[in-house]
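Biologist: I have the sequence and the coordinates open side by side. Could you walk me through the folds and the odd backbone spots?

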Amino acid sequence: MKVKVSNVNTPVWNEITVKSRIPEELQKLAEIAHNIWWSWNYEAVVLFRDLDPTLWKEVELNPVALLERMSFEKMEALAKDKTIIKRMNDVYAMFRAYMDVKPDMNRPSVAYFSMEYGLTSVLKIYSGGLGILAGDYLKEASDSNVDLCAIGFLYRYGYFNQTLSMDGQQIASYEAQNFGSLPLERVYDSNGQPLVVAVPYLSNFVHAYIWKVNVGRVTLYLMDTDNEMNSEFDRPITHQLYGGDWENRLKQEIMLGIGGILVLKTLGISKDVYHCNEGHAALINVQRICDYVAFGLTFNQAIEVVRASSLYTVHTPVPAGHDYFDEGLFGKYMGAYPEKMGISWNDLMDMGRNNPGDAGERFCMSVFACNTSQEVNGVSWLHGKVSQEMFASIWKGYFPEESHVGYVTNGVHFSSWAATEWKKLYATYFDSNFMNDLSNQKIWEAIYSVPDQEIWNTRMTLKNKLVDYIRKQFRDTWLKNQGDPSRIVSILDKINPNALLIGFGRRFATYKRAHLLFTDLDRLSKIVNNPDFPVQFIFTGKAHPHDGAGQGLIKRIIEISRRPEFLGKIIFLENYDMTLARRLVSGVDIWLNTPTRPLEASGTSGEKALMNGVLNLSVLDGWWLEGYRENAGWALTENVTYQNEEHQDQLDAATIYAMLENKILPLYYARNEKDYSEGWVKYIKNSIAQIAPHYTMKRQLDDYFNKFYNKLAKRFHALSANDFAKAKEIAAWKEQVVEKWDSIEVKSIIVNDQPAGVLALESGQDYNVEVVIDEKGLENAIGIELVTIITGKDGKEQIYSTEEFELLKQEGDLYTFNTKYSLSNAGSFKISFRMYPKNVYLPHRQDFCYVRWFNLGL
């Protein structure tokens with residue numbers, strides 16, 4: 001027998017995780033690490049950092065991973081360090097004093113649904129502004145003692161990491177998250193087993209593990225489908241944020257909406273208000289209707305209750321930005337739900353269509369959200385107006401300006417985005433109640449009493465920190481991706497904290513116009529190479545992997561930045577995340593924002609900047625249209641001069657160049673004998689005193705309560721009381737109106753005691769108008785108004801006036817209505833009568849959008 005040279009089988013490896021055993025003396029650290037509270041309290045962050053600064057950097061500022069990877073010997077040494085123990089106890093005392101405050105039960109409770117949450121860069125379940133806003137919202141809800149819980153996804157891969165190739169092409173890579181090393185906890189059932197929620201899909205169920213993130217006093221529940229109970233087709237539902245095809249997107253939105261409600265049911269959680277942050281979670285109201293129907297209500301009764309407790313917030317300013325699904329695909333997964341809801345398939349499809357009955361129209365999540373939510377809002381004043389136009393076709397019979405769609409302008413969580421240096425300055429000079437009253441402008445006005453030199457020094461400290469961060473963080477990456485080491489060294493050397501630094505950081509969608517600054521390269525070159533007024537631009541941002549145009553913009557900026565005249569003057573920082581964002585919004589001098597009007601729904605990066613004494617230079621769009629104050633920043637007009645985009649870009653670019661040359665740079669470099677600009681500091685103080693208090697998340701949260709949550713909760717409880725008596729009453733009334741609507745007759749119209757005909761009206765003259773309606777037994781269920789419209793300068797028809805009729809008398813089914821009508825101005829108008837259902841228990845007209853127009857000739 002021949003002896004073989006070798007005989008080796010394939011090793012079978014078992015993956016094990018070895019975690020450090022935390023000594024009893026340090027157990028408080030673990031409790032703090034598992035609550036995101038640490039992320040907005042710098043005392044906790046500094047404590048974790050000081051335990052092991054090198055390891056803290058290696059674990060990318062993740063306290064859970066820090067404690068897991070720390071050696072036992074190091075732990076033992078820390079447990080004996082009296083200074084560390086005292087600091088830990090001090091931070092823990094702050095933490096417990098915060099956590100032990102009970103929710104304010106005088107305010108409505110809220111269930112909040114969002115596809116993404118930006119809480120910390122450690123937890124990669126966000127991509128951009130929508131997620132950062134949602135994360136800030138949860139933090140402020142915690143700070144404000146709100147009884148709120150939230151629902152989202154625990155993504156295995158999250159959003160992509162961005163690197164750049166040698167030629168400036170974006171490369172997207174996805175890294176799996178190790179859930180065991182993140183600041184979250186698995187939820188267990190009463191038997192001590194991992195809690196699983198089964199969500200019906202087709203003929204099978206998709207099973208989701210439930211995790212929870214402690215966001216201060218608020219809990220965020222996250223669903224995870226990447227488990228062995230699911231097929232290879234269903235596990236990826238929670239793999240990537242905004243990844244996959246349209247079928248996967250639909251499966252995600254079913255999981256978020258229907259699965260999210262099932263999670264709350266399983267946990268025994270019920271809230272007063274259900275807030276849908278964007279249309280991704282619209283299907284929450286499918287499941288909620290199913291639940292009420294299963295309880296014994298009819299569909300019409302159930303939707304009254306569901307509407308009364310639902311708020312839909314839209315963040316998208318154009319119809320193309322909403323999610324639409326073909327009927328075949330939608331039916332594949334949602335075909336079983338109409339029966340559970342007590343309606344037909346066509347009924348369900350029509351709830352998601354602008355034009356019910358149009359079989360060729362796809363199902364739109366946003367339209368469905370509008371139809372099943374009593375309240376709808378945009379995220380700035382202007383976006384509220386844009387949303388009224390965008391959704392006008394849902395409520396035919398009313399003009400956009402009559403819509404119930406409102407707005408709450410976005411804000412930012414102060415404690416998350418204000419740099420520690422500014423927090424300490426505010427604590428020194430502001431009222432002691434500042435942190436509890438963040439939207440009080442009177443308190444912020446104390447900034448005027450802060451010495452100019454201290455303001456300037458704070459800004460310079462943060463600029464230097466930003467420059468140091470760039471040099472340390474990006475040196476190796478640039479050497480790897482950009483080749484020539486001498487060029488990299490040159491770039492690093494040329495980053496100048498004494499130069500005016502202008503930052504631009506956002507998603508690289510084309511409407512954000514990142515290219516605008518580069519419209520005239522010769523003029524830009526003269527600006528950045530002026531030795532008397534040095535200025536540098538820092539760009540950062542990701543383009544969606546499927547957005548070729550956005551990726552092209554990044555590549556173009558990289559190419560320009562490598563030209564000799566722009567080397568070290570135009571800088572692009574890759575892999576924009578929350579950590580880099582915090583450095584930028586506190587370290588630059590100016591935050592630049594150049595969106596195409598009016599496509600910036602709100603924008604919040606500039607709000608973060610102003611909390612740090614950074615001035616804004618922006619188009620008057622989104623929040624800046626409301627926020628801009630003279631001598632507190634700079635603005636490009638909101639007016640569109642040219643319909644041709646290229647011509648408008650050229651005009652806006654020329655305006656920016658002129659502002660830099662004639663206003664901004666001379667102001668910044670107008671130094672006094674102490675080498676700082678008094679004029680610049682004045683702008684900073686004006687910005688902080690006059691603008692900042694209006695754009696905190698505290699103000700935003702209070703607005704949601706005052707504008708929406710309070711009235712929703714009140715009506716929801718009124719409709720639900722006494723076995724849903726009022727909901728049943730309203731549903732029955734609506735059914736009766738629908739049954740008789742087409743038979744209602746207009747019997748006569750009398751103007752100044754004469755039968756109406758063609759009117760020749762005179763301005764300033766009063767006309768007595770009388771209308772007689774046969775309501776066919778509806779018992780005073782009809783309202784009448786005379787609507788006058790005029791054509792505006794933009795060619796669009798708009799409301800000039802509406803005159804509501806008062807009930808004069810009733811004789812059987814005949815109701816006589818009367819009003820006084822006059823026009824103060826002469827000109828060309830159109831008038832018509834509008835009939836609508838009227839009931840004091842309706843929250844607004846669009847809740848029951850039946851309208852019949854009739855004219856003077858009946």
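Biologist: What is the strand order in the open sheet of 6 strands, and is the pairing parallel or antiparallel?

Modeller: Bear in mind that this is a predicted model. The order in that open sheet is β17-β16-β15-β18-β19-β20, and the pairing is parallel. At the edges stand β17 (570–573) and β20 (634–636), each of which has a single partner strand, so one side of each is left without a neighbour in the sheet. From one strand to the next, the twist averages 20°.

Biologist: How many bridges are there between β15 and β16?

Modeller: Strand β15 (residues 500–505) pairs with strand β16 (residues 535–540) over 6 bridges, in the parallel sense. As a landmark for inspecting that pairing, G505 stands opposite T540 in β16.

Biologist: Switching to empty space, how many cavities of 30 Å³ or more does the structure hold?

Modeller: The structure holds 6 cavities of 30 Å³ or more, and the second largest cavity contains about 50 Å³ of space.

Biologist: Which residues line the second largest cavity?

Modeller: The lining is made of R506, W591, N593, E600, G603, T604, S605, G606, N616, S618, W623 and W624. By class, that lining divides into 3 nonpolar, 7 polar and 2 charged residues. The elements that each supply at least two residues of the lining are β18 (590–593), α24 (605–610), β19 (615–619) and α25 (623–627), and two of these, β18 and β19, also belong to the parallel sheet we began with.

Biologist: And the loop between β18 and α24, which proline is found there?

Modeller: That loop holds P598, and the peptide bond leading from R597 to P598 is cis, with omega near -10°. As background, most peptide bonds are trans.

Biologist: Where else does the backbone look unusual, say a positive phi in a residue that is not a glycine?

Modeller: One of these is D723, which has a positive phi of about 60° although it is not a glycine. D723 lies in helix α28 (residues 697–740), and it counts as partly exposed because its relative accessibility is 48%. Another is E779, a residue other than glycine whose phi is near 65°. E779 sits in the loop between β23 (767–774) and β24.

Biologist: Is E779 buried or exposed?

Modeller: E779 is exposed, since its relative accessible area is 66%.

Biologist: That loop runs into β24, so what is the order in the open sheet of 4 strands?

Modeller: The strands are ordered β25-β24-β28-β29, with antiparallel pairing. Here β25 (797–804) and β29 (852–854) are the edge strands, and each has a single partner strand, so one side of each is left without a neighbour in the sheet. The twist in this sheet averages 35° from one strand to the next.

Biologist: How many bridges join β24 to β25?

Modeller: Strand β24 (residues 782–791) is joined to β25 by 7 bridges, the two running antiparallel, and L786 stands opposite E803 in β25. Their hairpin has 5 residues between the strands, and G795 there takes a positive phi near 85°. On the other pairing you may want to check, strand β28 (residues 830–837) and β29 pair in the antiparallel sense over 3 bridges, with M835 opposite R852 in β29.

Biologist: Last topic, helices. Why does the length of α9 look right?

Modeller: Helix α9 (residues 284–295) has 12 residues, which at 1.5 Å a residue should span 16 Å, and its end C-alpha atoms are 17 Å apart, which agrees. The buried residues in α9 are I284, N285, V286, Q287, R288, I289, C290 and Y292. Just after α9, G296 takes a positive phi of about 130°.

Biologist: How many residues of α7 are buried?

Modeller: In α7, 13 of its 15 residues are buried, so that helix is mostly covered. Helix α7 (residues 129–143) reaches 21 Å from its first C-alpha to its last, close to the 21 Å expected at 1.5 Å a residue. Just after α7, N145 takes a positive phi of about 60°.

Note on methods: Residues are numbered from 1 along each chain as its sequence is written. This is a predicted model: local features need pLDDT of at least 70, side-chain atom pairs count only at pLDDT 80 or more; totals for chains, interfaces and linings use all residues. Side-chain values use heavy atoms; hydrogens and water are left out. On a 1 Å grid over the protein atoms alone, a cavity is a set of points where a 1.4 Å probe fits but cannot get out, and a pocket is an open set with protein on both sides within 12 Å along at least five of seven lines; lining residues have an atom within 4 Å of a point. Grid points are joined across faces, edges and corners, and a volume is the space filled by probe spheres set on the points. Ala, Val, Leu, Ile, Met, Phe, Trp, Tyr, Cys and Pro count as nonpolar, Asp, Glu, Lys and Arg as charged, and the others, Gly among them, as polar. The expected span of a helix is 1.5 Å times one less than its number of residues. Buried means under 20% relative accessible area, exposed over 50%, partly exposed in between (1.4 Å probe, protein chains only). Two strands pair if DSSP finds at least two bridges between them. Axes are lines fitted to C-alpha atoms, for helices over the stretch in contact, and angles run from 0 to 180 degrees between N-to-C directions.
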